[in-house]
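User: Could you take a close look at the ligand site for me, and then at the strands that go with it? I would like one connected walk-through that I can follow at the bench.

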Amino acid sequence: MSYWQDIGVHRDAMRRLTGGEKQVLKTISLPNRKEKIRILYRRIGPGVFLQLGHSMEPYTRFYQAFKTIFVITMGLLVILSALTGWFMARRALSGVTAVTRTARQIADGALEQRVPVKTAGDEIDQMAVMFNRMLDRIQSLITGIRNMSDNIAHDLRSPITRIRGLAEVTLTTKTGLEGYTQMAASTIEECDGLLDMINSMLLISQSEAGASRLVSVSVNLTRLLADACELFQPAAEDKEVSLNCDLPEETPPLSGDVKLLQRMFANLLDNAIKYTPAGGRAQVTLQTRKQGGIVAVIIRDNGAGISFGDLPHIFNRFYRSDQSRSQTGTGLGLSLARAVARAHGGDIAVQSRLGQGSEFTVSLPVEAYRDLP
Ligand code: ADP
């Protein structure tokens, strides 16, 4: 113990030993020394006490070293994680920044802009892909609306110009009552065409609004098609086209909007007769396809047919192929038919060859077949 000068005797320890305790442990600090000392006081006989000291230098050194290493490591770790976090946040947000930049450019009018997509495949990339897809859809809708308004303007201008021209000629030539009667008849005819076009457009938008806008009732498709065939028989006879309807006795009832369904089949039958020359054939067949859960109405003709180039466009509003321009029509019949089929959960498919005829297949889902395998 002489190694440590001024160590003295711990009063409290002595008091506790004289008070009856067998041994007491104390940890003390010495002036001018960094490490602490652990001292054991023990009573080894009456009035004889043992004082043993043990330097805690190795522990203190270890503790100091540990503290230094811990502080440095933790400091580095905190800095590293802050940097990593910052870097990752920046990387993640760079995608959002790109989307924001593109959205701003689009808001300024550049609708063709798209968000650059990286190949990482992370959530931001998926968002960019979906954002671009949404932009494609919006752009195609806007282009469609633009084309449609161009077409409407064009299709309205011709009959209105004709009506105006006729009225002007009648007025200037002063043709008398007969001239005015003729003008009135032509005006009615032109107005009917215009009304037909406007009604078709209204029906298309009603159908495109989906099932919610349909006035759905239970429809007997066999009866509906038989009525349509009967209605078009005189027109077919006038044109010397044989119209043949092959309908089963019974079909399961279909839930749908009678007026729209009538209009759809009328458009398809009208086309089949209109685009088939005299001596040709048009045929309506109704098939039930339990496996697919549908009924299929096939309207086939051996008339003019549709060229390969026209086929992808015939369902577009106002589209008319060049060779059909000699016929009356607005180019809205097929787009209305398809909108009606889709509003009923079905669709229309077409197969056609120029000069050989066309086959339009309307498929409509049937409630009764829904749960069949
Ligand atoms: P529209 O008959 O008033 O011109 P549609 O929308 O009914 O308009 O048809 C679009 C185009 O599709 C027609 O102009 C015609 O070129 C073509 N088409 C439709 N049905 C037939 C058909 N049965 N045979 C040949 N061409 C057809």
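**The ligand site and its surroundings**

Analyst: Happy to. An oxygen atom of the ligand sits 3.1 Å from an N or O atom in the side chain of Lys274. Please keep in mind that this is a predicted model, with distances computed from its atoms.

Two more polar approaches are worth finding on your screen. The side chain of Ser321 places an N or O atom 2.6 Å from an oxygen atom of the ligand. At Ser358, a polar side-chain atom is 3.3 Å from a nitrogen atom of the ligand. On its own the ligand has 530 Å² of accessible area, and the protein covers 97% of that.

Now for the shell as a whole. The ligand is surrounded by 20 residues, and Asn271, Tyr275, Arg320, Ser321 and Leu334 are the closest. Ser321 therefore deserves a second look, as a matter of definition: a polar contact is a pair of N or O atoms within 3.5 Å, and the Ser321 side chain has such an atom at 2.6 Å from a ligand oxygen. By character, the shell residues split into eight nonpolar, nine polar and three charged.

Which elements each supply at least two residues of the shell? They are helix 6 (258-274), helix 7 (333-343) and strand 10 (357-365). Helix 6 gives the largest share, three residues. You can place these elements by the domain assignment, which gives domain 3 as 217-369.

Strand 10 leads us from the ligand into a sheet. This is an open sheet of five strands in the order 5-7-8-10-9, and the pairing is mixed. Its edge strands, strand 5 (242-246) and strand 9 (347-353), each pair on one side only. From one strand to the next, the twist averages 15 degrees.

Let's follow the partners of strand 10. Strand 8 (residues 294-301) runs antiparallel to strand 10, and eight bridges join the two; here Ile294 stands opposite Pro365 of strand 10. Strand 9 also runs antiparallel to strand 10, through seven bridges, and Gln351 stands opposite Glu359 in strand 10. Strands 9 and 10 form a hairpin with three residues between them, where Gly355 takes a positive phi near 85 degrees.

At the other end of the strand order, the pairing sense is parallel: strand 5 and strand 7 (residues 281-289) pair that way over five bridges. Asn244 has Gln283 in strand 7 as its bridge partner.

To round off the picture, here is another sheet in the protein. Three strands form an open sheet in the order 1-2-3, with antiparallel pairing. Strand 1 (23-29) and strand 3 stand at the edges with a single partner strand each, so one side of each has no neighbour in the sheet. The twist here averages 25 degrees from one strand to the next.

Arg38 is a handy landmark in this sheet. It is the bridge partner, in strand 2, of Thr27, and its own bridge partner in strand 3 is His54. Strands 1 and 2 are joined by seven bridges, while strand 2 (residues 36-45) and strand 3 (residues 48-55) pair over eight. Strands 2 and 3 form a hairpin with two residues between them, and Gly47 in the turn has a positive phi of about 75 degrees.

Finally, the domain assignment also lists domain 1 (2-55) and domain 2 (123-209). The centres of domain 1 and domain 2, taken over C-alpha atoms, are 110 Å apart.

How values were computed:
Residues numbered from 1 in each chain as written. Predicted model: local features only at pLDDT ≥ 70, side-chain atom pairs only at ≥ 80, totals over all residues. Heavy atoms only, no water. Near = heavy atom within 4 Å. Polar contact = N/O pair within 3.5 Å; in protein donor to acceptor, adjacent residues only side chain to side chain. Areas by Shrake-Rupley, 256 points an atom, 1.4 Å probe, with all protein chains shown as cover. Helix = DSSP H or I, 4+ residues; strand = E, 2+ residues; numbered from the N terminus. Nonpolar A, V, L, I, M, F, W, Y, C, P; charged D, E, K, R; others polar. Domains from an automatic or database assignment. Pairing = 2+ DSSP bridges. Axes fitted to C-alpha atoms, helices over the stretch in contact; angles between N-to-C directions.
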